[in-house]
Amino acid sequence: MSETSTIASSRSSESRRQAIDLSSVTHPLGQYGTIRLTGASADESSSSTKPSAADHRRLSPLHAQYTHGQTVAAANRGYLRQGREKLIPPEDGRASEGGFRKEIVELKESFEIGREPHERYANHWPKEKEGEGGLVGFGDDMMKFFGTCKDLHVQVMRAIAMGLGLDESHFDAYVDVGDNTLRLLHYPQVDADVFKANAGQVRAGEHCDYGSITLLFQDDRGGLQVKSPSGKFVDAIPIPDTVVINAGDLLARWSNDTIKSTIHRVVEPPHDASVQVFPPRYSVAYFCNPNFDRLIEAMPGTYNAEVEKKYEGITSGDYLVQRLAATF
Ligand SMILES: O=C(O)CCC(=O)C(=O)O
Ligand SMILES: [Fe+2]
């Protein structure tokens, strides 16, 4: 987590593109699988309001009513109650020894939002309610933010293209549909004793995300950790107005492993011994994917001869559904 890239605070996509220093995107993604973009919180523009902790709080008491809206793998929309998702560490030898216990319940719940309109699936919006704590405008705000993040995905893929010596627009037709997922996460308040009593207790278990990149927006509570190339988990300390961008497994596969996906997890925040309670933590993850109908095979420039391609081609949608199905 030592690499930081800066996006100019200007909102035009052209100046954003120019402000992304290519070597500071492609190089750290290849080495660490993670970068931080500062000045890109996306909440500075009223047209792209970032989901706030207040939005999460408005939503979370309603979650209990959402049993009808629970997500299934293919739809990937709706509410995921605590314990429903079980993040699985990578099976390629990078996982921590003893770091995964099947019986551990991850202390989190989430609400998943997909692209609109969609041919088959609808989002499970809560009923709009007037008054304090109401959810008026919630769906519109979320979809505006969805669009802002979708654009940022395109920009980052352009930076990656140029970093690989490809035409800037090389990936545009791979990511223009926006088959992405906006996830609002709530990690409930928890007693420090829970972590003391259960070795391996986590808020979110170690895992890699599945798609191309993930944009992560944290509150100021802390607890997110990223595994460094040395195998040590390091704190991804929250920095205001900063987005953590993690490379996902499909990007690693697509890049013939030139880019590494990032192992990360959420544990109890850094604290001293006197702390008895960890307050709730809220975060927003925006999982980006190539268009579901696109065949993903090694990008040009990541192999010399056919035999150097490490993976079979697979469509983005098939890949994602396989990965999601394994976690439920
Ligand atoms: O809450 C966070 O900071 C991380 C969430 C995450 O890694 C995930 O939902 O895949
Ligand atoms: Fe993740």
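Helices (H or I, at least four residues) and strands (E, at least two) are DSSP runs, numbered from the N terminus. This is a predicted model, where local features need pLDDT of at least 70 and side-chain atom pairs count only at pLDDT 80 or more, while totals for chains, interfaces and linings use all residues. Residues are numbered from 1 along each chain as its sequence is written, chains are lettered from A and ligands numbered from 1 in the order in which they are written, and side-chain values use heavy atoms, with hydrogens and water left out.

**View 1. The iron ion (ligand 2) and its three protein donors, His207, Asp209 and His264.** His207 and His264 each bind through NE2, and Asp209 through OD, at 2.1 to 2.2 Å; donors here are N, O and S atoms within 2.8 Å of the metal (3.2 Å for Na, K and Ca), and with water not among the atoms, sites may look incomplete. Along the sequence, the donors follow the spacing H-x1-D-x54-H. Asp209, in the loop between strand 7 (204–207) and strand 8 (213–218), and His264, in strand 12, are 55 residues apart, so this pair links distant parts of the chain.

**View 2. Polar contacts between ligand 1 and the side chains of His207, Asp209 and His264.** An N or O side-chain atom of His207 is 3.0 Å from a ligand 1 oxygen, and His264 also has one at 3.0 Å from an oxygen of ligand 1. For Asp209, the distance from a polar side-chain atom to a ligand oxygen is 3.2 Å. (A polar contact is a pair of N or O atoms within 3.5 Å; within protein, one must be able to donate a hydrogen and the other to accept it, and residues adjacent in sequence count only if both atoms are side-chain atoms.)

**View 3. The shell around ligand 1.** Residues with a heavy atom within 4 Å of the ligand include Arg183, Tyr187, Leu224, Arg281 and Phe287. By class, the shell has six nonpolar, three polar and three charged residues. Strand 5 (181–187), strand 12 (264–266) and strand 14 (281–287) each chip in at least two of them.

**View 4. The cis peptide bond between Glu116 and Pro117.** Omega comes out at about -5° for this bond. Pro117 lies in the loop between strand 4 (109–113) and helix 4 (138–163).

Notes
Nonpolar A, V, L, I, M, F, W, Y, C, P; charged D, E, K, R; others polar.
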